[in-house]
Amino acid sequence: LPFHRDERRHIMAARGTMRLVCLSLCMCATLAFQAASPTLRGSGGRASATFSALSKGFRRSPLRVGGALRMGGEEEEKGSSRRAAIGRGFAALGGAVAWFGSSHEAIAGLTPLSQSVVNEVVPGMKGTEINGQLIDANCQGSRGNRCNVWQPPAVEDSPSAEDASAGKRGTVTSKAYLDVRIITDYTNEVLEDGVKRGRIVLGLYGNEAPKTVAEFLKFIKADDSYPSYKSGMFYKHEAGKWIEGGRINGLTQEEFAGDKAYQFLGKLLNLKPILEVNDLTHSRKGLITHYKFNPGPEFAFTTAPSPGQDGAWTVFGEVLEGMDVVKAISDLPFVTGKSLDPNGSMADGFWQAQNKYFLGLAKQLGDSRVGNKYPGKLLRRVEIVACGVL
């Protein structure tokens, strides 16, 4: 029986989508194979020519796929050069899949066959080490929870609070606490088995930063009708300098009367920046600080001397107890925008090529999220589950 017109349109749309997917895979494979093979990096490399041919085909393909989606499919243009390019792309796909076994992302749990492929494609490569640490069969890729290949950034030595080089120390006028829950492993059947808990005790400088301390205590003492740190989290790490927390669930910024305003439970909150100045500096680890031009509840703990924060941030307290909890947070993996593999290695080259290709593809397809890099974003969940005044 002949297809109904709507059925034919859906079939042609599916075919158009599959063509685009296949072409994208071929382009990705070509980039990977080019990055993997030293013999193809020269000016006469076949992978370079293949990528060029595929790029020309890809620039035309979205229009044809769009036409297939809208009008039931149009006849795609045929040419021996494009068929040859796609053929070379699939050939490159086989090489890329074989080489991908050598990438640190997929090296875990190698079978004897895949190990022999690694040895053949990349002779002498230490494919089972990342940052000098052995990756065994229990490791589920270099970003798995149990791989332990993450190396926290180097941290500058910090003087103690009593050391004269630490500069002036504020006067503690009140104390507060934050109870923290760090989810380090999501693979356990019982999530709590992969959780670390701890308490951070804070001393607040009410004399040196009275306005900032008063605003901070609002979020410490708040009940359910007002934003509270007890539903907050730590979310960012400025490498080797500070960790940022205090972002509260349900507290959002909305456009209101041409300006941005905070909203919580359907109510607008009049939160304004606190432009407070004192002579305290970010001279050591364990200080509590707030960005002056941020009207929100976010704050930071310094993990090392951080003179770059002087001027734009206000020091308003210190960590009295729980620096081990602060260090546990700062040791967590975070977004760096780089691979975990050695700079310049073949595995790093594959990551760079893959990252560049997919970001470019997302941009061509109009995905607005492509500009969101999230630098420093923590890759484990760190929750503030309770808070209060001591």
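Here are three short exercises on aromatic rings in this predicted model.

**Exercise 1.** Classify the geometry of the pair formed by F216 and Y229, and find where the two residues sit.

*Solution.* Start with the two descriptors: a pair of aromatic rings is described by the distance of the centres and the angle of the planes. For F216 and Y229 the centres are 5.2 Å apart and the planes make an angle of 45°. Stacked needs under 30 degrees and edge-to-face over 60, so this pair is tilted. Next, place the partners: F216 belongs to helix α5 (residues 210–221), while Y229 is in the loop between α5 and β5, 13 residues apart. Finally, check the accessibility: both F216 and Y229 are buried.

**Exercise 2.** Do the same for F234 and F301, then find the cluster that ring pairs build around them.

*Solution.* The centre-to-centre distance for F234 and F301 is 5.7 Å, with 40° between the planes, and the pair is tilted. F234 lies in strand β5 and F301 in strand β11 (residues 299–302), so the pair links distant parts of the chain, 67 residues apart. Both F234 and F301 are buried. Now follow the ring pairs: they join F216, F219, Y226, Y229, F234, F299, F301 and F316 into a cluster. Across the whole structure, the search gives 13 aromatic pairs.

**Exercise 3.** Which residues lie over the rings of Y177 and Y235?

*Solution.* Take Y177 to begin with: R199 lies over its face, 3.9 Å from the ring centre. Then turn to Y235: the charged end of R247 sits over that ring, at 3.8 Å from its centre.

Technical notes. Residues numbered from 1 in each chain as written. Predicted model: local features only at pLDDT ≥ 70, side-chain atom pairs only at ≥ 80, totals over all residues. Heavy atoms only, no water. Phe/Tyr/Trp six-rings, centres within 6.5 Å; stacked < 30°, edge-to-face > 60°. Helix = DSSP H or I, 4+ residues; strand = E, 2+ residues; numbered from the N terminus. Buried < 20%, exposed > 50% of the residue type's maximum accessible area, 1.4 Å probe, protein only. Lys NZ or Arg CZ within 6 Å of the ring centre and 35° of its normal.
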